[in-house]
Every structure is written in structure tokens, then in C-alpha cells.
Amino acid sequence: MKLLVRNLARTTTEQEIRELFAAHGTVTECTLVLDKETGTSKGFGFVEMPDPKEAKMAKARLNDARIAKNKIRVKFAQDS
């Protein structure tokens, strides 16, 4: 399942996001969206977790959690 993680601090790294979600299950992919011109974080990213049960648990536990002073939002990503 693909999760959208929003409202990340601009200083949060891809590795930090991966570790945060890995505490709740297997993470197969983690992508932090970066600004093409500056290379800095846009404040959101995506996490792929193959086990739906683990993904749902991670979403429930991490949505509205405070990470680096920001209250992050976690929801299921829409397939395009």
C-alpha cells in the first residue's frame, strides 16, 4: 500500500521517514519529494508498505504525530 506523508519539516530526510515507518512494518520504498531547482524538500513524500495490515497500523499510529515540531499527516495515496 502506498501512503502519502504530508506536512514534513523541510529538514526531515528520506532516511528518517523510512526509519519512522519501518518501526511499524516492512518498507519497500520511500520517496521524499524534492524541489527540482533547489533540491530541498517540498514537505511531503511517499512510503510503500507491502503488507496492508502494517500500512494501516502505521497510518493510524503516525497520522497527527509530531515529527521535528511538525504535526504530520498520513493518508493512503490515490493511484493515478
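**Loop residues, core and overall fold**

T12 lies in the loop between strand 1 and helix 1. The model is predicted. T12 has a relative accessible area of 6% and is therefore buried, since the cut-off is under 20%. Beyond its neighbours within four places in sequence, T12 is in contact with three residues: I17, L32 and A68. I17 also ranks among the residues with the most contacts inside the largest nonpolar core. E37 is 25 residues from T12 along the chain. The C-alpha atoms of T12 and E37 are separated by 18 Å.

The loop between strand 1 and helix 1 also holds N7. Its phi is near 65°, a positive value in a residue other than glycine. N7 is partly exposed, because its relative accessibility of 39% falls between the 20% and 50% limits. A positive phi, near 70°, is also found at D64, again not a glycine. D64 sits in the loop that runs between helix 2 and strand 4 (66-67). With a relative accessibility of 39%, D64 counts as partly exposed.

The chain contains two helices and six strands. Their order along the sequence is β-α-β-β-α-β-β-β. The C-alpha atoms fill a box of roughly 35 × 30 × 20 Å along the principal axes. For 80 residues, a compact globule would have a radius of gyration near 12 Å. The chain has 12 Å, so it agrees with that expectation. Among contacts with a separation of 6 or more, 58% join residues 24 or more positions apart. Buried residues make up 31% of the chain. The exposed area is about 5300 Å². Carbon and sulfur atoms supply 47% of that area.

The largest nonpolar core has 16 residues. Those with the most contacts inside it are V5, I17, F21, V47, M49, I72 and V74. Four elements give two or more residues each: strand 1 (2-6), helix 1 (14-22), strand 2 (29-34) and helix 2 (52-62). Helix 2 gives the most, with three residues. F21 illustrates the packing. Leaving aside residues up to four places away in sequence, F21 touches L3, V5, V27, V47, M49, A58, L62 and V74.

Some of these partners recur around H24. H24 is placed in the loop between helix 1 and strand 2. At 15% relative accessibility, H24 is under the 20% cut-off and so counts as buried. Its contacts, with residues up to four places away left out, are M49, E54, M57, A58, R61 and L62. M49, A58 and L62 therefore touch both H24 and F21, as contact here means heavy atoms within 4.5 Å.

Aromatic pairing comes to one pair in the count. The pair is formed by F44 and F46, with ring centres 6.2 Å apart. The planes meet at 80°, so the pair is edge-to-face, for which the angle must be over 60 degrees. F44 is partly exposed, with a relative accessible area of 28%. F46 is also partly exposed, at 24%. K2 lies over the face of F46, 4.9 Å from the ring centre. F46 thus has two aromatic-ring interactions in view: the edge-to-face pair with F44, and the placement of K2 over its face.

How values were computed
Residues are numbered from 1 along each chain as its sequence is written. This is a predicted model: local features need pLDDT of at least 70, side-chain atom pairs count only at pLDDT 80 or more; totals for chains, interfaces and linings use all residues. Side-chain values use heavy atoms; hydrogens and water are left out. A nonpolar core is a set of buried Ala, Val, Leu, Ile, Met, Phe, Trp, Tyr and Cys residues joined through side-chain atoms within 4.5 Å. Buried means under 20% relative accessible area, exposed over 50%, partly exposed in between (1.4 Å probe, protein chains only). Rings of Phe, Tyr and Trp (its six-membered ring) pair if their centres lie within 6.5 Å; planes under 30 degrees apart count as stacked, over 60 as edge-to-face and the rest as tilted. A charge sits over a ring if NZ of Lys or CZ of Arg is within 6 Å of the ring centre and within 35 degrees of the ring normal. The radius of gyration is taken over C-alpha atoms; the globule rule is 2.2 Å times the number of residues to the power 0.38. Accessible areas come from the Shrake-Rupley method with a 1.4 Å probe; for residues, only the protein chains shown count as cover.
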